[in-house]
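Q: Can you walk me through this one? I'd like to go over helix packing and then salt bridges.

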Amino acid sequence: MKETTVDWPAAMKPLIKKYKTTKHPLEATNLYEMLVMVVLSAQTTDTLINQLAPALFKAVPTMSALVKVKPEDLHPYISKVRSFGNKAKWLVQIAGILKKDSAIPLTMEELIKLPGIGRKSANVIKRFAGAKAEGIVVDVHVIRVAPRLGIVKEDKPEKMEKDMMAILPETEWDAGMSMSFLGREICRPEPLCELCLMKKVCAYYQKLISG
């Protein structure tokens, strides 16, 4: 199937509809928790972050509590997390900048100025908060799924995001998180293609069945 035959804004609608109300796998109960968990989750599984979160948030339940601790105070709670030393520093630095939960920004420009937060993290935080999308989530799952589908050929996150933002209308920028959920459930490293609602437009599947 040629890429030019796919109307991606139309093709993505069923996928977005399926996952539109699905909550992020990080089990945050408020914006502060989501920000902290997103910073910790880089190169670490969401499952591990969910496991350590209760004890961490009992110790530092708010940004105003976090601002009072030193990075090493967080180490016992997050020592299983990859690069926990750097992440502890970033979290304390963020707390020093923001001081309180109500100061957490919800614009891409302000979020990516914070230590340890890039575009992907900012997009996730904004989605959780219900803020207007300013980009498309590109995580490890999207990096696998999007080229398989054929919507983009790139494998570099920032270029993938830029290309998809040009292809899809702003109203469909939740497609990133939808592809992430698809990647977790169906389009795994060993994909369950027969179960996938995107197989009719998927370049990978079309090549598979054409031999």
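A: What follows covers one helix pair and then some salt bridges, all in a predicted model.

Q: Start with helices α2 and α8. At what angle do their axes cross?

A: Roughly 160 degrees. Helix α2 covers residues 31-41 and helix α8 covers residues 119-129, and their axes come within 10 Å.

Q: So are they roughly parallel or roughly antiparallel?

A: Roughly antiparallel, because the crossing angle is over 145 degrees.

Q: Is the crossing left-handed or right-handed?

A: Right-handed, for α2 passing α8.

Q: Which residues meet there?

A: From α2, L31, M34, L35 and V38. On the α8 side they meet S121, V124, I125, F128 and A129.

Q: How many of those are nonpolar, polar or charged?

A: Eight are nonpolar and one is polar, while none is charged in the contact of α2 with α8.

Q: Switching to salt bridges. How many are there?

A: The structure has nine. One of them joins R184 and D46, with 3.0 Å from N to O.

Q: Where do those two sit?

A: R184 is in helix α11, residues 175-185, and D46 is in helix α3, residues 46-59. The two are 138 residues apart in sequence, so this salt bridge ties together distant parts of the chain.

Q: Is D46 buried or exposed?

A: Buried, at a relative accessible area of 14%. R184 has 27% relative accessibility, so R184 counts as partly exposed.

Q: Which residues are linked with R184 in a network?

A: D46 and D139; together with R184 they are linked in a network of salt bridges.

Q: What about E134, which residue does its side chain meet?

A: The side chain of E134 meets K126 in a salt bridge, 3.0 Å from N to O.

Q: And K126, buried or exposed?

A: K126 has a relative accessible area of 3%, so K126 is buried, given that the cut-off is under 20%. Its partner E134 is partly exposed at 33%.

Q: Then E194. What is the N to O distance to K199?

A: That salt bridge has 3.5 Å between N and O.

Q: Is E194 buried or exposed?

A: Exposed, at 55% relative accessibility. K199 is partly exposed, with a relative accessible area of 24%.

Q: Why can such side chains pair at all?

A: Side chains of opposite charge can pair when their charged atoms come close.

Key: Residues numbered from 1 in each chain as written. Predicted model: local features only at pLDDT ≥ 70, side-chain atom pairs only at ≥ 80, totals over all residues. Heavy atoms only, no water. Axes fitted to C-alpha atoms, helices over the stretch in contact; angles between N-to-C directions. Helix = DSSP H or I, 4+ residues; strand = E, 2+ residues; numbered from the N terminus. Parallel < 35°, antiparallel > 145°, perpendicular 65-115°, else oblique. Left-handed = near helix turned anticlockwise from the far one by under 90°. Contact = heavy atoms within 4.5 Å. Nonpolar A, V, L, I, M, F, W, Y, C, P; charged D, E, K, R; others polar. Salt bridge = Lys/Arg side-chain N within 4 Å of Asp/Glu carboxyl O. Buried < 20%, exposed > 50% of the residue type's maximum accessible area, 1.4 Å probe, protein only.
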